[in-house]
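Got your viewer open? Load the model and let's take a walk through it, one selection at a time.

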Amino acid sequence: MEKFPDIERLGFDLSEEQRAIRETMARFAADRLAPGAAERDRSAEFPATQVSELAALGGMAMKTSTKDEGHGADNLAYALAVEAIARADASVAVIMVASNLSAAILAGHATEDQRDRFLRPVARGERGALSFGLTEPGAGSDAAAIRTTARSQGDSWIIDGTKQWITGAAGAEVFVIFAKTPEAGEGAVTCFIVEADAPGFSLGRVEDKMGLRSSGTAQLHFNGVRVPAANVVGQVGQGYRVALGALAPNRVAIAAQSLGIAERAFELGLSYAQERQVFGQPVAAFQNSRFLLADMRCALDQAWLLMLRAARLLDSGIPIRGEASMAKLVASETCGRVVDQMLQLHGGNGYSREYEIERLYRDARVMRIYEGTSEIQREVIARDLLGN
């Protein structure tokens, strides 16, 4: 693994803490993730050992405060950590992102009891990764279309329904899920904590995906799952508010993941173009290749700047909506473009699974889909511009 691009070159100074987090995650990615990433992709094996090790470094609840036994990393440090992990193994990176999303929800809304039982053990690295469950077979970008329901019964809630495309589900012990609670009002949604050993809860099929193959993405089935009222996160009926409050920071994290994939692809393409001889000279000697590399470097730096700006604004306490969507939109689309062009530089070899660029090509495609498609991001940006 090569060194990171110099963030200071982009005009962003890093604190000692941010630098230390970045370097720690870079070393972990190079030493513990990169060597087995290709084999895990082939086998679609959930990276249980690697997730446990990353959790022990605090990687599954990075922004959790020291009061809750976390490292209290800011959004910029967290984004740099995600980018570092994604360079080596995007499947582990997305498990990390889903867990940190769930941890952020608990940090913002959990009771003291919930912190003791769920958040702090994850922050200490004792319970692996958390899993976030909102999406359903008929509800992706349109989260209001969820059909999973919860009804109150004494001091418990009974949950019925199905979730789909749940990242990290295959290896998670604790799920932060959302269900409609009609008794709280029409369309009302509530957030719950569900443990994997709850009676009536079962893991459905693990998805056989194009990319991110070892991320343990699976269905969740709720068949009369009884959840104690003490596991309600926030207020009954306020689940949308809980979920929406976490959207902007998570879109910045997906932008960082996109950059990690794209930077690794660029690194591979640059190296291959310098080494591969065609017509008696390196591929990089041809003007077309040189201009392509220049254009892709410009695109990457532009995406970096939008991502870093969004993270810095979050750390400044400034509410962002459009800026987070800009970062996610540009970084994810840049990722797809860069990986495609770097595979092109590899020629026929890029189409072979013997070359890492082929895996990156497959991993990159979903960046424009999850956490809000590119179309959704454009709509959010337009609404922000128009004030609606």
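Below is a tour that goes from the whole chain to its annotated domains, with a few single residues along the way.

**Stop 1: the whole chain**

Keep in mind that this is a predicted model. Show everything as a cartoon and you should find 12 helices and 10 strands. Along the principal axes, the C-alpha atoms fill a box of roughly 80 × 45 × 35 Å. How does the radius of gyration fit a compact globule? For 388 residues, such a globule would have a value near 21 Å, and the protein has 21 Å, so the two agree.

Now switch on the surface. The accessible area is about 16500 Å², and carbon and sulfur atoms supply 50% of it. Of the 388 residues, 54% are buried. If you draw the contacts with a separation of 6 or more, 74% of them turn out to link residues 24 or more positions apart. Want to colour by charge? There are 42 positive and 49 negative charges, and their mean positions sit 3 Å apart.

**Stop 2: residues 15-126**

Select 15-126, which an unreviewed UniProt entry annotates as "domain: Acyl-CoA dehydrogenase/oxidase N-terminal". This span is 71% helix and 0% strand, with its end C-alpha atoms 28 Å apart.

While you're here, zoom in on T64, in the loop between helix 3 (48-56) and helix 4 (75-88). Is T64 buried or exposed? The relative accessible area of T64 is 2%, so it counts as buried, the cut-off being under 20%. To see what surrounds it, show G70, H71, G72, A103, L119 and A123: T64 is in contact with these, leaving aside neighbours within four places in sequence.

**Stop 3: residues 131-225**

Next, select 131-225. The UniProt annotation here, again from an unreviewed entry, is "domain: Acyl-CoA oxidase/dehydrogenase middle". Expect 0% helix and 49% strand in this span, and 17 Å between its end C-alpha atoms.

Pick out W165, which lies in strand 3 (residues 156-166). W165 is partly exposed, with a relative accessible area of 45%. Beyond neighbours within four places in sequence, W165 is in contact with T135, E207, K209, T217 and A218. Then add F132 to the selection: W165 and F132 are 33 residues apart in sequence, and their C-alpha atoms are 9.9 Å apart in space.

**Stop 4: residues 237-385**

Move on to 237-385, listed by UniProt (unreviewed entry) as "domain: Acyl-CoA dehydrogenase/oxidase C-terminal". Over these residues the chain is 74% helix and 3% strand, and the end C-alpha atoms are 30 Å apart.

Two loop residues here are worth a click for their backbone angles. Start with F279, between strand 9 (277-278) and strand 10 (281-282). Phi of F279 is near 50°, a positive value in a residue that isn't glycine. Where does its side of the chain face, buried or exposed? F279 has a relative accessible area of 78%, so it is exposed, the cut-off for that being over 50%.

Finish at E371, in the loop between helix 11 (356-365) and helix 12 (374-386). E371 isn't a glycine either, yet its phi is positive, at about 60°.

Notes
Residues numbered from 1 in each chain as written. Predicted model: local features only at pLDDT ≥ 70, side-chain atom pairs only at ≥ 80, totals over all residues. Heavy atoms only, no water. UniProt positions renumbered as here; feature names shortened; annotations may be inferred. Helix = DSSP H or I, 4+ residues; strand = E, 2+ residues; numbered from the N terminus. Rg over C-alpha atoms; globule rule 2.2 N^0.38 Å. Buried < 20%, exposed > 50% of the residue type's maximum accessible area, 1.4 Å probe, protein only. Contact = heavy atoms within 4.5 Å. Areas by Shrake-Rupley, 256 points an atom, 1.4 Å probe, with all protein chains shown as cover. Lys, Arg positive; Asp, Glu negative; His and termini not counted. Charge placed at Lys NZ, Arg CZ, Asp CG, Glu CD.
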